[in-house]
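Reader: I should like to learn how to read the main features of a protein model. May we take them one at a time?

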Amino acid sequence: MATMESLIGLINKIQRACTVLGDHGGEGMSLWEALPSVAVVGGQSSGKSSVLESVVGRDFLPRGSGIVTRRPLVLQLHKTESGSEYAEFLHAPKKRFSDFAAVRKEIADETDRITGKTKQISNIPIHLSIYSPHVVNLTLIDLPGLTKVAVEGQPDSIVEDIENMVRSYVEKPNCIILAISPANQDIATSDAIKLAREVDPSGERTFGVLTKLDLMDKGTNAQDVLEGRAYRLQHPWVGIVNRSQADINKNVDMIVARRKEREYFETSPDYGHLASRMGSEYLAKLLSQHLELVIRQRIPSIIALINKNIDELNAELDRIGRPIAADGGAQLYMILELCRAFDRVFKEHLDGGRPGGDRIYGVFDHQLPAALKKLPFDRHLSLKNVQKVVTEADGYQPHLIAPEQGYRRLIDGSISYFKGPAEASVDAVHFVLKELVRKSIAETLELKRFPTLSNDIATAANEALERFREESRKTVIRLVEMESSYLTVDFFRKLHTEPEKKPEKNANPSGPNNDRLGDNYLRRIGSNVNAYINMVCDTLKNTIPKAVVYCQVREAKRSLLSNFYAQIGRREKERLSAMLDEDPQLMERRTQIAKRLELYKSARDDIDAVSWK
């Protein structure tokens with residue numbers, strides 16, 4: 001089996017890696033939360049800082065009145081074999097601090113950087129690692145001291161804000177609670193014990209620490225608490241004797257302070273029988289031993305969580321795409337595959353697998369018929385206009401039987417109106433196809449990582465659609481002109497000419513041709529032309545959609561990117577690489593995923609190796 005130091009040291013290493021990668025949460029439990037750590041909880045001036053410094057063996061925490069700890073301090077202790085001691089901050093990873101007075105100043109400065117030089121608090125933690133041969137492997141989280149009232153310069157919500165922050169740490173099931181209470185106060189009023197009782201009613205995760213034993217009134221002691229009679233916990237209470245203010249002012253060495261603490265318990269008439277399990281050195285070993293036990297119990301669930309995260313990260317990596325190959329042939333193949341992916345989505349829109357293609361049918365079923373109905377045939381075939389056209393067509397000689405030239409001009413003029421709706425149908429379908437290209441690019445997940453290629457595909461597709469539109473416009477105009485170029489003779493052969501009624505004797509002549517172009521005669525001509533135009537309209541209502549679909553929709557499905565394929569096949573490797581220029585955010589995301597995958601796989605292998613040695 002692994003030694004206690006190696007297993008806890010490994011967990012420290014993994015926790016630090018999680019911190020560097022920002023693996024502190026998201027959906028579900030993060031790896032950081034799954035790994036046990038110790039949260040130091042206590043009221044203001046309860047001696048939290050002194051306990052931490054005693055455990056570390058260094059004087060490194062800011063001191064003062066009121067709220068000194070205004071941001072969580074995640075303190076990772078790493079036991080080393082060498083005699084050197086140094087500290088590192090996560091926010092200054094390349095800087096080593098061997099002067100612990102500088103560490104104290106850096107903590108204060110980094111606190112002020114977020115909170116300003118005020119008494120405000122922040123839940124953004126400071127991460128500090130200390131490497132020393134005089135510590136045990138341990139992760140401790142120093143939290144702001146619980147308080148009951150707000151002082152000047154603090155918001156009224158400060159009491160609740162601090163409690164919520166502390167609670168957010170100690171509520172986690174893998175958090176060990178180090179509840180600090182001063183011995184010169186009634187344990188029943190301890191803020192730390194009160195909170196620990198709420199989040200850990202069984203006391204399974206709580207270690208009670210009693211500070212300031214040497215400051216109790218003469219004739220009193222804390223035996224009832226330390227022996228578990230006043231408030232019972234599953235783990236033994238530990239008494240601590242902090243350095244006095246005079247010792248702090250004199251910069252008494254922490255090693256000397258530890259020796260004085262041992263002497264205090266060994267020579268104390270009240271606590272001599274408990275001396276073997278009192279003091280900061282014992283507390284550090286107790287916590288380390290318990291941490292090892294908890295880690296061993298949690299290993300199966302930690303491994304299960306790591307495997308779950310590995311699967312999720314691999315799935316996300318598959319979704320956003322693996323790294324791009326450097327080979328030109330592979331890049332060309334990848335571009336073609338991405339184009340095909342877009343083409344599949346585009347065809348799904350047209351064929352009904354995705355919404356949008358039905359709007360093309362709407363153009364033919366609603367827009368085209370509505371436009372045809374609005375054509376101004378009533379005005380064109382009015383009595384006045386029919387008379388004008390027929391008269392002008394006859395020239396100086398009146399027609400003998402039927403005004404054939406007048407008929408042809410009226411029909412030509414009427415048919416020319418169909419060009420507008422025909423071209424409008426072409427443009428409406430073109431607009432729908434352009435919109436489907438845009439939607440298809442947005443919905444092709446594989447393209448999201450390549451904005452340059454997406455733009456190139458959009459440009460190529462829209463250029464192709466413009467070509468199809470121009471061909472479609474020419475085709476529908478031809479259809480209209482074909483109707484003018486050769487009239488359906490059978491339609492007119494079936495018409496029966498009615499004799500023209502003679503004008504009444506008292507009717508006033510309306511013009512020089514009134515004797516040969518009576519109203520009924522003109523109405524008959526207008527009616528015949530209108531009937532023929534209706535027949536042509538019914539024909540075009542069917543043939544225009546066929547032409548538009550043949551020239552635009554069919555071609556878009558068949559050869560939307562044909563020219564693009566030909567172009568990229570001739571491009572050099574450098575230009576192919578430029579087309580596969582990824583979205584920087586996706587590149588960064590893939591890098592982060594790769595780093596986290598490496599962390600998880602390394603953690604899994606290390607835990608397996610160390611746990612079962």
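The dialogue below takes up the sheet, its strands, the helix contacts and a few individual residues.

Author: Please note at the outset that this is a predicted model.

Reader: Let us begin with the sheet. How many strands form the sheet, and in what order?

Author: Nine strands form an open sheet, and their order is 4-3-5-2-6-1-7-8-9. The pairing within this sheet is mixed.

Reader: Which strands are the edge strands?

Author: The edge strands are strand 4 (92-97) and strand 9 (238-239), each of which pairs on one side only.

Reader: How should I read the side chains of a strand?

Author: In a regular strand the side chains alternate between the two faces of the sheet. Strand 5 (residues 126-132) serves as a case. Ile-126, Leu-128, Ile-130 and Ser-132 point one way from strand 5, whereas His-127, Ser-129 and Tyr-131 point the other way.

Reader: Are the residues of strand 5 buried or exposed?

Author: Seven of the seven residues of strand 5 are buried, so the strand is largely enclosed by the rest of the structure. The cut-off for buried is under 20% relative accessible area.

Reader: Which strands pair with strand 5, and in which sense?

Author: Strand 2 (residues 73-79) runs parallel to strand 5, and seven bridges join the two. Within this pair, Val-74 stands opposite His-127 of strand 5. Strand 3 (residues 86-89) pairs with strand 5 in the antiparallel sense, over four bridges. There, Tyr-86 has Tyr-131 of strand 5 as its bridge partner.

Reader: May we apply the reading to strand 6? Which way do its side chains point?

Author: Leu-138, Leu-140 and Asp-142 point one way from strand 6, and Thr-139 and Ile-141 the other way. Strand 6 is mostly covered, with five of its five residues buried.

Reader: How many bridges join strand 6 to strand 1, and how many join it to strand 2?

Author: Three bridges join strand 1 (residues 37-42) to strand 6 (residues 138-142), and these two strands run parallel. In that pair, Val-38 stands opposite Leu-140 of strand 6. Five bridges join strand 2 to strand 6, and here the strands run antiparallel. Leu-73 stands opposite Asp-142 of strand 6.

Reader: I turn now to helices. How is the packing of two helices described?

Author: Two packed helices are described by the angle between their axes and the distance between the axes. Helix 17 (residues 451-485) and helix 19 (residues 519-559) offer a case: their axes come within 9 Å and cross at roughly 160 degrees. That makes helix 17 roughly antiparallel to helix 19, since angles over 145 degrees count as roughly antiparallel. The crossing of these two helices is right-handed.

Reader: What residues, by class, does the contact of helix 17 with helix 19 have?

Author: The contact of helix 17 with helix 19 has 13 nonpolar, six polar and four charged residues.

Reader: At what angle do helix 15 and helix 19 cross?

Author: The axes of helix 15 (residues 404-416) and helix 19 cross at roughly 40 degrees and come within 10 Å. Helix 15 and helix 19 are therefore oblique to each other. Their crossing is right-handed.

Reader: How many disulfides does the structure hold?

Author: The structure holds zero disulfides. As for individual cysteines, Cys-175 counts as buried at 4% relative accessibility. Cys-339 is buried as well, with a relative accessible area of 0%.

Reader: Let us finish with the loops. Where does Ser-46 lie, and is it buried or exposed?

Author: Ser-46 lies in the loop between strand 1 and helix 3 (48-56). With a relative accessible area of 3%, Ser-46 is buried. Ser-46 and Asn-184 are 138 residues apart in sequence, and their C-alpha atoms are 9.8 Å apart in space.

Reader: Where is the place of Leu-447?

Author: Leu-447 is in the loop between helix 16 (419-443) and helix 17. Leu-447 counts as buried, at 1% relative accessibility. From C-alpha to C-alpha, Leu-447 and Ala-341 are 8.5 Å apart in space, although 106 residues apart in sequence.

Reader: Which phi does Lys-212 have?

Author: Lys-212 has a positive phi of about 60 degrees, although it is not a glycine. Lys-212 is found in the loop between strand 8 (206-211) and helix 7 (223-226).

Definitions and conventions
Residues are numbered from 1 along each chain as its sequence is written. This is a predicted model: local features need pLDDT of at least 70, side-chain atom pairs count only at pLDDT 80 or more; totals for chains, interfaces and linings use all residues. Side-chain values use heavy atoms; hydrogens and water are left out. Two strands pair if DSSP finds at least two bridges between them. Axes are lines fitted to C-alpha atoms, for helices over the stretch in contact, and angles run from 0 to 180 degrees between N-to-C directions. Angles under 35 degrees count as roughly parallel, over 145 as roughly antiparallel, 65 to 115 as roughly perpendicular and the rest as oblique. A crossing is left-handed if the near helix is turned anticlockwise from the far one by less than a right angle, and right-handed if clockwise. Ala, Val, Leu, Ile, Met, Phe, Trp, Tyr, Cys and Pro count as nonpolar, Asp, Glu, Lys and Arg as charged, and the others, Gly among them, as polar. A disulfide is a pair of cysteine sulfur atoms within 2.5 Å. Buried means under 20% relative accessible area, exposed over 50%, partly exposed in between (1.4 Å probe, protein chains only).
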